[in-house]
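Reader: Before I rely on any label attached to this structure, I would like each one to be justified. Could you take me through the reasoning behind them?

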Amino acid sequence: MSEATRPPANPSASANPSVHGPTGATVPGHPLDNPARASLTGPHAHFAERRGRVLRYHPDLTPWLALPDDPGTQDWADVAALAGAGSSVTLTAFREPPPGDWEIVFHATGVQMVDESVAAEPDHEASLLGPADVPDMLDLVARTRPGPFLPRTVELGTYLGIRRSGVLVAMAGERLHPPGWTEISAVCTDESVRGQGLAGRLVRAVAHGIRERGETPFLHAAASNTPAIRLYENLGFTLRRTTSFLSAIVPPDSPGRSDVRTPDQRAGNLEQVGR
């Protein structure tokens with residue numbers, strides 16, 4: 001890949017010389033600066049798989065992988081060993097691009113938005129979704145493509161859905177969970193019911209549950225997804241910062257996977273990161 005197609009070093013910092021919190025004050029070391037890592041070292045530590053300083057969710061949960069804030073050569077070697085040669089790894093809030101021999105297959109600018117004035121409230125039509133609903137959830141995701149949603153993603157938090165004639169037509173739920181914050185994710189609506197305000201209703205309902213726990217909702221969107229950003233702004237979310245999303249392939253000559261010990265002391269060979 002030519003250097004022209006590779007992301008710049010420290011993409012978040014280049015877009016945001018100073019990062020601001022919901023009130024506009026500069027917030028050093030904020031949990032949302034590296035939200036996957038803050039989740040995996042905090043409330044989601046029981047989901048973490050680790051090698052050295054590198055953490056990731058199990059591939060059936062979500063593809064996000066968390067680097068330390070100052071990744072070095074050994075950290076990238078640990079990413080390769082954790083994921084396995086030829087596997088895809090997915091990053092956000094990274095400060096440096098991968099080494100030059102890693103193939104970048106996806107790179108996009110995103111936005112991170114936080115709840116400033118969302119009119120959070122329960123929704124009478126929304127129902128709680130669980131493991132038994134996963135086939136319907138995956139089917140809706142396949143039709144709407146909101147982003148990565150995998151067989152065990154539902155375990156990461158509360159998911160709410162709306163059905164019409166028994167068919168799941170809209171949903172939203174919780175994904176990353178840095179201390180004090182919860183990410184709203186998998187917001188999607190079937191084309192047959194768009195324009196009815198279902199996405200907004202579900203976002204407000206999920207936000208209500210987050211607020212009830214004393215936490216603050218946040219979310220991510222592609223910077224190019226202006227309809228979604230406009231919806232979130234109208235709901236009361238405000239831009240905190242821009243960030244980058246990246247997917248890259250571990251070089252084929254990298255070390256193979258090895259046993260990785262998780263926080264609950266389980267060990268074993270790891271599957272490839274799904275997308």
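**Values and the terms they earn**

Author: In this predicted model, the largest pocket has a volume of about 1,200 Å³.

Reader: Which residues line the largest pocket, and which of them lie nearest its centre?

Author: The lining of the largest pocket is made up of 40 residues, and Arg145, Pro146, Gly147, Val187 and Asn225 are those nearest its centre. Among the elements that each supply at least two residues of this lining are strand S5 (103-115), helix H4 (134-144) and helix H5 (198-212), while the largest share, seven residues, comes from S9. By class, the lining divides into 24 nonpolar, 11 polar and five charged residues.

Reader: Why is serine 165 called exposed?

Author: The relative accessible area of serine 165 is 82%, and exposed means over 50%, so serine 165 is exposed. This serine 165 sits in the loop between strand S7 (159-164) and strand S8 (167-174), and its phi is near 55°, a positive value in a residue other than glycine.

Reader: What makes alanine 186 buried or exposed?

Author: Alanine 186 has a relative accessible area of 8%, and because buried means under 20%, alanine 186 is buried. Its place is in strand S9 (residues 181-189), where alanine 186 takes a phi near 55°, again a positive value in a residue other than glycine.

Reader: How do you know that strand S1 and strand S2 pair?

Author: Two strands pair if there are at least two bridges between them, and four bridges join strand S1 (residues 48-51) to strand S2 (residues 54-57), so these strands, which run antiparallel, are paired. One of the partnerships sets alanine 48 against tyrosine 57 in S2, and in the hairpin of S1 and S2, with two residues between the strands, glycine 52 has a positive phi near 60°.

Reader: What makes strand S4 and strand S6 the edges of the sheet?

Author: The open sheet has eight strands in the order S4-S11-S5-S10-S9-S8-S7-S6, with mixed pairing. Strand S4 (88-92) and strand S6 (127-129) each have a single partner strand, so one side of each has no neighbour in the sheet, and both stand at its edges. From one strand to the next, the twist averages 30°.

Reader: How do you know that S5 and S11 pair, and in which sense?

Author: At least two bridges are needed for pairing, and S5 and S11 share 12 bridges, so they are paired, in the antiparallel sense. Within this part of the sheet, threonine 109 stands opposite serine 244 in S11.

Terms used:
Residues are numbered from 1 along each chain as its sequence is written. This is a predicted model: local features need pLDDT of at least 70, side-chain atom pairs count only at pLDDT 80 or more; totals for chains, interfaces and linings use all residues. Side-chain values use heavy atoms; hydrogens and water are left out. Buried means under 20% relative accessible area, exposed over 50%, partly exposed in between (1.4 Å probe, protein chains only). On a 1 Å grid over the protein atoms alone, a cavity is a set of points where a 1.4 Å probe fits but cannot get out, and a pocket is an open set with protein on both sides within 12 Å along at least five of seven lines; lining residues have an atom within 4 Å of a point. Grid points are joined across faces, edges and corners, and a volume is the space filled by probe spheres set on the points. Ala, Val, Leu, Ile, Met, Phe, Trp, Tyr, Cys and Pro count as nonpolar, Asp, Glu, Lys and Arg as charged, and the others, Gly among them, as polar. Axes are lines fitted to C-alpha atoms, for helices over the stretch in contact, and angles run from 0 to 180 degrees between N-to-C directions.
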